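Welcome to a short set of exercises with worked solutions. Please have your viewer ready and try each task before reading on.

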Amino acid sequence: MLAWFTNDTDTTPGAADLALEALAADLSARGLPVAGAVQRNLDLGPDCACDMEMIVLGDPGDPVRISQSLGPGAQGCRLDTGALEEAVARTAPRLAGAGLVVIPKFGRQEAMGRGFRDLIGQAVADGQPVILYVPRQQQAAFLDFAGDLAVRIRPDQLRSWCLDRFAAAS
C-alpha cells in the first residue's frame, strides 16, 4: 500500500517531480480517482535556482509556491516551510474517496515529522495506496517511518504499480 522510488545518482535533478506529475496526469486522464500533490519546478535560467510550487491534485486554487528567494549567493534552505504546510492542509481534505494518493516526496521535513508525514500515515491507515519519491538522503528516515509497509519500486514501474492497485480495488 506504500510504494516508493528513488533515482540513480546521475538522474537529472527534478526528474522525480516530472515523473510523478506525468503519472498523476495520466491516471486522472483515465478517469481514476487520484489525490495528493505534485511539485513543479520552474526554471529561472542557468544562474538562478528554480522556483518550486506545489500543485494540489483536484484543487481549483493556484499552486502554492514553496520556495523563497534568498538572493544572490545565499546558501540556506530555500523551502518555505509555512507554504509547504499550506499545501499539506489543502491536500488533506481531498483524500476522501481517492483510490490512490500521490505525494511528491519524503524529504527533510517529513524526516523531521513535518510536511506530508502525517498525511502519508493517515492515507495508509485508511487503506489508500500511496506512491512517493524518497531522496537517497532520506531513505533511512523513511524506512524507520514506514517499516515493512513500504515496497520499493523502480521508476519505470510507477504506472503499472498504480494501475495494479486500481485493478485490485475493482
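**Exercise 1. Strand S3**

How many of the six residues of S3 are buried?

*Solution.* A note on the model comes before the steps. This is a predicted model, in which local features need pLDDT of at least 70 and side-chain atom pairs count only at pLDDT 80 or more, while totals for chains, interfaces and linings use all residues. Residues are numbered from 1 along each chain as its sequence is written, and side-chain values use heavy atoms, with hydrogens and water left out.

Step 1: fix the terms. Strands (E, at least two residues) and helices (H or I, at least four) are DSSP runs, numbered from the N terminus. A residue is buried under 20% relative accessible area, exposed over 50% and partly exposed in between (1.4 Å probe, protein chains only).

Step 2: count. Six of the six residues of S3 are buried, so S3 is largely enclosed by the rest of the structure.

Step 3: sort the side chains by direction. Asp51, Glu53 and Ile55 point one way, whereas Met52, Met54 and Val56 point the other way.

**Exercise 2. The sheet**

Work out the order of the strands and find which of them stand at the edges.

*Solution.* Step 1: list the elements. The protein has six helices and seven strands, and along the sequence they follow the pattern β-α-β-β-β-α-β-α-α-β-α-β-α.

Step 2: trace the pairs (two strands pair if DSSP finds at least two bridges between them). Strand S2 (residues 34-42) runs parallel to strand S5 (residues 100-105), with three bridges joining them; here Ala35 stands opposite Val101. S2 also pairs with S3 (residues 51-56), this time in the antiparallel sense over six bridges. Across that pairing, Val38 faces Ile55 and Gln39 faces Met54. S3 is joined in turn to S4 by two bridges, and these strands run antiparallel; Met54 has Val64 as its bridge partner in S4.

Step 3: assemble. The seven strands form an open sheet of mixed pairing, in the order S4-S3-S2-S5-S6-S1-S7. Strand S4 (64-65) and strand S7 (150-152) are at the edges with a single partner strand each, so one side of each is left without a neighbour in the sheet.

Step 4: add helices, with contact meaning heavy atoms within 4.5 Å. Axes are lines fitted to C-alpha atoms, for helices over the stretch in contact, and angles run from 0 to 180 degrees between N-to-C directions. Helix H5 (residues 139-146) packs on the sheet, where it touches strand S1 (2-5), strand S6 (130-133) and S7, and its direction makes about 175 degrees with that of S1. Helix H6 (residues 158-169) also packs on the sheet, touching S1, S2, S5, S6 and S7, at about 165 degrees to the direction of S6.

**Exercise 3. Helix H1**

Check the span of helix H1 and say what its buried residues pack against.

*Solution.* Step 1: take the rule. The expected span of a helix is 1.5 Å times one less than its number of residues.

Step 2: apply the rule. The 15 residues of H1 (residues 15-29) should span 21 Å, and the end C-alpha atoms are 21 Å apart, which agrees.

Step 3: look at the burial. Ala16, Asp17, Leu20, Glu21, Leu23, Ala24, Asp26 and Leu27 are buried in H1. An α-helix has 3.6 residues a turn, so residues three or four places apart point the same way. The buried residues of H1 pack against S1, S2, S3, S5, S6 and H6.

Step 4: leave the helix. Just after H1, Gly31 has a positive phi of about 80 degrees.

**Exercise 4. Two loop residues**

Is Pro33 buried or partly exposed, and which residues does Pro33 contact beyond its sequence neighbours? Then place Arg154.

*Solution.* Step 1: Pro33 lies in the loop between H1 and S2 and is partly exposed, with a relative accessible area of 40%.

Step 2: leaving aside neighbours within four places in sequence, Pro33 is in contact with Gly97, Ala98, Gly99, Leu100 and Phe166. Pro33 and Leu95 are 62 residues apart in sequence, with 9.5 Å between their C-alpha atoms.

Step 3: Arg154 sits in the loop between S7 and H6 and is partly exposed, at a relative accessible area of 49%. Arg154 and Ala3 are 151 residues apart in sequence and 9.7 Å apart in space, C-alpha to C-alpha.
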